[in-house]
Amino acid sequence: MTAVVQKTALTGCLAPIDKGGLEQLIANGKANPKVIKTLKCKTVAEGKFRHANYIRNLAPYIVDEPPGLLGDDSAPNPSEASLAALGSCLAVGLHANAVHRGWTVNKLELELEGDLNITAVWGTGDVSDKPVGFTDVRVKVDMECEGISKEEVQALVDHVKKWSPVANTFTRPVNLEVGV
């Protein structure tokens, strides 16, 4: 009998992932585990609190503020965008790891919420000593995989949280330089 090479991994209702490409990424990471990739974004103020963010050759990713924070409500605000980045990073990790394990993913949804004190108004308001930024972030994962128990899904969630670049950015100190 001849072996059939599977080019894509079917993932239930989700679009398929190139399994060969995933396996190649895994092999590349194991072969050269110290590679650092520098990601870039150019942020351009458009007026009020609306900003266009240019990443690679993609259309601009817009960030704005809601009316309560003097924006036009045309896009997520920066803190909401950071939640979206976290949710997307976790979802990518969950999907990739499930496919790598041979699981069929029928549903993958994440609900995120974060608490932050906004009274400092970007350093122009109440600047008394307090945490700035999110103090608590909660992520609820709704993932259904054929024949996979809730316990196995939870173990996968724990694994992905440990290895998510954006989750790690939320949970550990990062060297940040801001200058002119």
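**Exercise 1.** In which strand is the place of Cys 145? Find the strand, then describe the surroundings of this residue.

*Solution.* This is a predicted model, in which local features need pLDDT of at least 70 and side-chain atom pairs count only at pLDDT 80 or more, while totals for chains, interfaces and linings use all residues. Residues are numbered from 1 along each chain as its sequence is written, and side-chain values use heavy atoms, with hydrogens and water left out.

Begin with the secondary structure, where helices (H or I, at least four residues) and strands (E, at least two) are DSSP runs numbered from the N terminus; Cys 145 lies in strand β7. Next, take its accessibility: buried means under 20% relative accessible area, exposed over 50%, and partly exposed in between (1.4 Å probe, protein chains only), so Cys 145, at 8%, counts as buried. Then list its contacts, meaning heavy atoms within 4.5 Å: not counting residues up to four places away in sequence, Cys 145 touches Trp 103, Thr 104, Val 105 and Asn 106. Finally, the C-alpha atoms of Cys 145 and Lys 107 are separated by 7.1 Å, although these residues are 38 apart along the chain.

**Exercise 2.** Work out how many disulfides the structure has, and describe Cys 41 and Cys 89.

*Solution.* A disulfide is a pair of cysteine sulfur atoms within 2.5 Å, and a search of the whole structure finds zero of them. For Cys 41, the nearest cysteine sulfur is that of Cys 89, 16 Å away; for Cys 89, in turn, the nearest is that of Cys 41. As for accessibility, Cys 41 is partly exposed at 46%, whereas Cys 89 is buried at 17%.

**Exercise 3.** Identify the residues at the heart of the contacts in the largest nonpolar core, and the elements that supply it.

*Solution.* A nonpolar core is a set of buried Ala, Val, Leu, Ile, Met, Phe, Trp, Tyr and Cys residues joined through side-chain atoms within 4.5 Å. The largest has 17 residues, of which Leu 94, Trp 103, Leu 108, Met 143 and Leu 156 touch the most other members. At least two residues come from each of α2 (78-100), β6 (105-116), β7 (134-145) and α3 (150-163), and α2 gives the most, with five. Looking at Met 143, and leaving aside neighbours within four places in sequence, one finds contacts that include Leu 94, Ala 98, Leu 108, Val 153 and Leu 156. In soluble globular proteins, nonpolar side chains tend to be buried together.
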